[in-house]
Amino acid sequence: MLAFVRLLRTVLHKSGRGSESLARAPLRLRAGVFTVAAAGLLAAAAPAFAHETLKLDAPKPVLAATPPMGWNSWNKFSCNVSEQLVRQQADAMADSGMKEAGYRYIVIDDCWQKSRDADGNIVADPERFPGGIKALADYVHSKGLKFGLYSDAGSLTCGGRPGSAGREFQDARQYAKWGVDYLKYDWCSTGPRNAEAAYTIMAKALRESGRDIVLSICEWGNNQPERWAANVGHLWRTTGDIYDGWEGTKAWALGMVNILDLQAELWRYAGPNQWNDPDMLEVGNGGMTTTEYESHFSLWAMLAAPLIAGNDLSKMDADTRRILTNADVIAIDQDPLGQQARRIWKQGDLEIWARPLKGGEHAVVLFNRGAMPAGMSVDWDQLNLPAGLKADVKDLWSKKVTRHVRGRFSGTVASHGVLMARITPVL
Ligand code: GLA
C-alpha cells in the first residue's frame, strides 16, 4: 500500500499537478492519471495536508542578496486596493526618485482576490481589477519595476478572501503566469497547520513554478521562524503588525519602538538572502513627527530590514521624500555584508546601535528615546576599533563629513531622534 501511495504521488508530481489536490479534491483529478477508485484509497489513507513535507528539493533562489526594497498597499490603503491605485503608485515610484533610490517591488497586499473559478483558480476582484492581474503586472514591469501579490497559508486571508491552503501549487503556477515576482504569505485561518510545513509547501510550489518569486513569510514571529525560515523564504516577519505611532500597543499592533525592542536579539539570524522583517515602513503616513520618521528609517536601515514603503507615493511631501530616498541611509541597509545591527549599549532612554559594513567600515546610530535632547557619544573601542585609530565620520542626515576623527564620535541627539554616522577608518 505504501509503495502504491508513493508511486501515485510520483505520477501526480510528474504530471505537473500539485499533490495537494490528492488529499483535498481527489474526484477532480483527470482520468488517465489514475483512477477515481485509487484516489479514494489514497485519500482514505492520507490525513489532510498529507502532502506537506519539510523537504525542499530545489535550492532557494538568490533573489534578495540585500534586503528587498519596494512599496506595499497595506499600511496606507488596507483593503482599498485597485488597479488604478497600483498604476498610480508604480508611476509615482518611477517618477519620484524612489526607483533611482533602489525601490523596486510594487506589492498588492490583502483584498485583491475575490473567489475561485470552477477549476479552483484564484480570481481577482473584477470590479477593482477589471483589466486583470496580468495586465497590471505587465504595466508595473514596463516601468522597470517588479510586481508582488499577497496570499495566506490558511483557508481565508486576514481580510477574509480565499487563502492558498491546499491550492499552493495551483496558485504558484498562476502567479508565475501572471508575472508575479514577490509573494507575501500571511498566517490567518490556518487552524492547526504547522507553520514550517505550510511555508515549506509554498516555497516548493514557487520554486517549481518556473519563475523567480521572492517569498516573504508573514507568520508574525509566532512559530520560531528563526529556526526554519531562512531555508524557506527570503524574509520573515518577526512581530505582529506595526502601526503608525511612536510607542504603544493597539490590539495586537505595535508602535515603532515596541517593534524595535523585539529585534535586539535577532541579528544572528539575518544575512544575504535571509532577512528579519520588522514590518513595513510608516514614513509619511502622518502618525509620527519628521524626527521620529528619521529615527524609524535609520533604525530599519540598521536592522537590515526590507525597506517597504507604506505611504501614498503619489502624494509625498518634501520631508517624506527626503527621508525615504536618503541614499546614505539606504546604503547602510543595503550593505553587501548583510550584518544586522546590535544594540551595543543602553542606559535609560539612550541607546547605541552598531553594525559592521563591508570593507571594515561601521555604521552607528545614537538614539535618544527621551523627551529632552541628550549629549551622546560612541567610543571606537565599543566598535572594536583601536582607540588611537583615525576615521572619517559622515553624519548621514546632515551630510557633514569630519575627517581624521580620533577616539569617538559624539554629538547632541534630539528628543526621539538619532545621529547616524558612517565611520571609515583612515589607514
Ligand atoms: C496581517 C499582516 C498585515 C497585512 C494584513 C492584511 O495582519 O500581518 O501585514 O498583510 O494581514 O489583512
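1. Start with Phe 297. In this predicted model, and setting aside neighbours within four places in sequence, Phe 297 is in contact with Tyr 103, Leu 281, Val 283, Leu 307, Ile 323, Leu 324, Val 329, Ile 330 and Trp 397.

2. That residue belongs to something bigger. Phe 297 is listed with Trp 112, Tyr 175, Trp 300 and Trp 353 as the residues with the most contacts inside the largest nonpolar core, which has 92 residues. Helix α9 (residues 195–207) gives this core its largest share, 8 residues. Another core lies apart from it and has 20 residues, including Ala 354, Val 378, Trp 380 and Leu 389.

3. Now for the chain as a whole. You'll find 14 helices and 20 strands, and 56% of the 427 residues count as buried. Among contacts with a separation of 6 or more, 68% are between residues 24 or more positions apart. The accessible surface is about 17,200 Å², and carbon and sulfur atoms own 51% of that.

4. Helix α8 (residues 168–178) deserves a look. With 9 of its 11 residues buried, α8 is largely enclosed by the rest of the structure. The buried set is Glu 168, Phe 169, Gln 170, Asp 171, Ala 172, Gln 174, Tyr 175, Ala 176 and Trp 178, so don't expect just greasy side chains there: by class, Glu and Asp count as charged. Tyr 175 also turns up among the residues with the most contacts inside the largest core. Just past the end of α8, Gly 179 takes a positive phi of about 95°.

5. How do α9 and α10 sit against each other? Their axes are 10 Å apart and the packing angle is about 10°, which makes α9 roughly parallel to α10; the cut-off for that label is an angle under 35 degrees.

6. Who touches whom across that pair? From α9 come Ala 195, Glu 196, Tyr 199, Thr 200, Ala 203 and Arg 207, and these meet Arg 227, Trp 228, Asn 231 and Val 232 of α10. Sorted by class, the contact has 5 nonpolar, 2 polar and 3 charged residues, so the meeting surface is a mix by the usual grouping of side chains.

7. Last, the rest of α10 (residues 225–232). Pro 225, Trp 228, Ala 229, Ala 230 and Val 232 are its buried residues. Their cover includes α9, along with strands β7 (214–217) and β8 (235–237). Trp 228 and Val 232 are worth clicking on, as both are buried and both take part in the contact with α9.

Conventions
Residues are numbered from 1 along each chain as its sequence is written. This is a predicted model: local features need pLDDT of at least 70, side-chain atom pairs count only at pLDDT 80 or more; totals for chains, interfaces and linings use all residues. Side-chain values use heavy atoms; hydrogens and water are left out. Helices (H or I, at least four residues) and strands (E, at least two) are DSSP runs, numbered from the N terminus. Buried means under 20% relative accessible area, exposed over 50%, partly exposed in between (1.4 Å probe, protein chains only). Contact means heavy atoms within 4.5 Å. Accessible areas come from the Shrake-Rupley method with a 1.4 Å probe; for residues, only the protein chains shown count as cover. A nonpolar core is a set of buried Ala, Val, Leu, Ile, Met, Phe, Trp, Tyr and Cys residues joined through side-chain atoms within 4.5 Å. Axes are lines fitted to C-alpha atoms, for helices over the stretch in contact, and angles run from 0 to 180 degrees between N-to-C directions. Angles under 35 degrees count as roughly parallel, over 145 as roughly antiparallel, 65 to 115 as roughly perpendicular and the rest as oblique.
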